[in-house]
Structure formats: C-alpha cells, structure tokens
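Visitor: I'm new to this structure and would like a close look at one part of it. Could you take me through the helix that packs on the sheet, and what surrounds it?

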Amino acid sequence: MFQPNEYVVYGRLGVCRVEEIEQVDGRDYYCLRMLYQNCVIKTPVNGKIPVRRVISREQADALIDQIPSMRAEPINTSNTRELSDSYRSAVLTQECQDLLELVMSIYAKKRSIQNAKKKLNSTDESYFKEGEKLLYGELAVALGIPYGEVQSYIRNRVKSVQKEKEQE
C-alpha cells in the first residue's frame, strides 16, 4: 500500500501524489492529486486501474543513457486500427521504456515524412502527445526538475553520454 505524499503513476492519467487513504464502506481508497492537472481522484486501493511507484532518479538517468544506442523504427501502416492498437499497447504497459520507444518511434516517423513535406496523421500525433506527457511527467518527478525542463535535461544528458563514448 502506498503512503500519503508518495508519488505514483495512475493508469493512463500519469503522475499523482497520494493525498490520503480513506475508508468508504469498509474499503480503502487512495485520494490521488494529479500533478499536472487540478484534479483529485478517489480509487480503490486494489482497483482495476494499475497504480505503481514513480521510477527512481537512477532508473530515469539509466533510461536516458540508453537513448543513443536505441534504434527507433517508425511503424508504417495505412491501417489506422492496427497503428492505434500498437501504440495503445505501449501506453497501457505504463513502463517508461515502452513510452520512450513509442515517442522515439513516432518522432522517427515524423522526421522521415517531413522530408517528403507531409505531416503526422491524427493517430500518430495523439499518441505522440500522450506518450510524451506520460514519460516527461514521470521523468520530471524522478529527476526532481520541472516538467518544462525535461526535454533539455534529456538532450544535455544524451550529448554528455555521446561525448563519453567518443572519448573511449
């Protein structure tokens, strides 16, 4: 059971702070305050929507350090349902690694079609925004930095990792 003031990831909604645990009709409920929206959620402690701890700073840095060696392959299909199912499965795992791969994959797709003067379709765009929001939200808490600084933190850390590898 999580304790008040702990940060957790609640389903597809993202990072929340446990405000309190209260009993309603003999059942324990978490009162979760969403970090990036002004909203409080009450959910059963053993409910259907998964709740897990936010990753540690060490795990966040290790994940970011993997970026230079990751190869993100864009998912190219004209079947919107197939594309959506693939993206949805990555989001539903709630794992930062899967979210990072999703964001990198869609970003790679975006770069490749920009050369052809095209834009992402609405499915790509929607899942890119959701994946980025969930990933950056958790990384911000894990790293102890504001949400708006996550992208520059990633960029700077990746540059640093690449320089270290070049010097080896």
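Guide: Here is a walk around helix α4, starting from the sheet and ending at the empty spaces. Keep in mind that this is a predicted model.

Let's begin with the sheet. Five strands make up an open sheet, and their order is β4-β3-β2-β1-β5, with antiparallel pairing. At the edges you find β4 (40-44) and β5 (51-53); each has a single partner strand, so one side of each is left without a neighbour in the sheet. From one strand to the next, the twist averages 45 degrees. For a closer view of one pairing, go to β3 (residues 27-34), which is joined to β4 by five bridges, the two running antiparallel. There, arginine 33 stands opposite valine 40 in β4.

Now bring in the helix itself. α4 packs on this sheet and touches β1 (7-10), β2 (14-24) and β5. The direction of α4 makes about 80 degrees with that of β2.

Next, look for the helix alongside. Two packed helices are described by the angle between their axes and the distance between the axes. For α2 (residues 80-92) and α4, the axes come within 10 Å and cross at roughly 5 degrees. An angle under 35 degrees counts as roughly parallel, and α2 and α4 are therefore roughly parallel to each other. You can pick out the contact by its residues: from α2 come Thr80, Leu83, Ser84, Tyr87, Arg88 and Val91, and from α4 come Thr123, Asp124, Tyr127, Glu130 and Leu134. Sorted by class, the residues of this contact are five nonpolar, three polar and three charged.

On to the empty spaces. Rolling a probe the size of a water molecule over the atoms shows where empty space is left. Searching the whole structure turns up two cavities of 30 Å³ or more. The largest cavity holds about 90 Å³ of space. Its lining consists of Leu13, Gly14, Val15, Met34, Leu35, Tyr36, Gln37, Lys133, Leu134, Gly137 and Glu138. β2 and α4 are the elements that give two or more residues to that lining, and α4 provides the largest share, four residues. By class, the lining of the largest cavity has six nonpolar, three polar and two charged residues.

The second largest cavity has a volume of about 70 Å³. Around the second largest cavity sit Val9, Gly11, Arg12, Gly14, Val15, Arg52, Val91, Gln94, Leu99, Leu134 and Glu138. Here too, the elements giving two or more residues to the lining are β2 and α4. The lining of the second largest cavity divides into five nonpolar, three polar and three charged residues. Keep an eye on Leu134: this residue of α4 is part of the contact with α2, and Leu134 also lines the largest cavity and the second largest cavity.

Last stop, the largest pocket, with about 600 Å³ of space. Of the 22 residues lining the pocket, Ile67, Met104, Tyr107, Tyr136 and Ile154 are the closest to its centre. α4 (122-143) supplies at least two residues of the pocket lining, and so does each of α3 (96-114) and α5 (150-167). The pocket lining is made up of 14 nonpolar, two polar and six charged residues.

To gather the picture of α4: this helix packs on the sheet, lies roughly parallel to α2, and contributes to the linings of the largest cavity, the second largest cavity and the largest pocket.

Conventions. Residues numbered from 1 in each chain as written. Predicted model: local features only at pLDDT ≥ 70, side-chain atom pairs only at ≥ 80, totals over all residues. Heavy atoms only, no water. 1 Å grid on protein atoms, 1.4 Å probe; cavity = no way out; pocket = protein on both sides within 12 Å on 5 of 7 lines; lining within 4 Å. Points joined across faces, edges and corners; volume = space filled by probe spheres on them. Nonpolar A, V, L, I, M, F, W, Y, C, P; charged D, E, K, R; others polar. Pairing = 2+ DSSP bridges. Axes fitted to C-alpha atoms, helices over the stretch in contact; angles between N-to-C directions. Contact = heavy atoms within 4.5 Å. Parallel < 35°, antiparallel > 145°, perpendicular 65-115°, else oblique.
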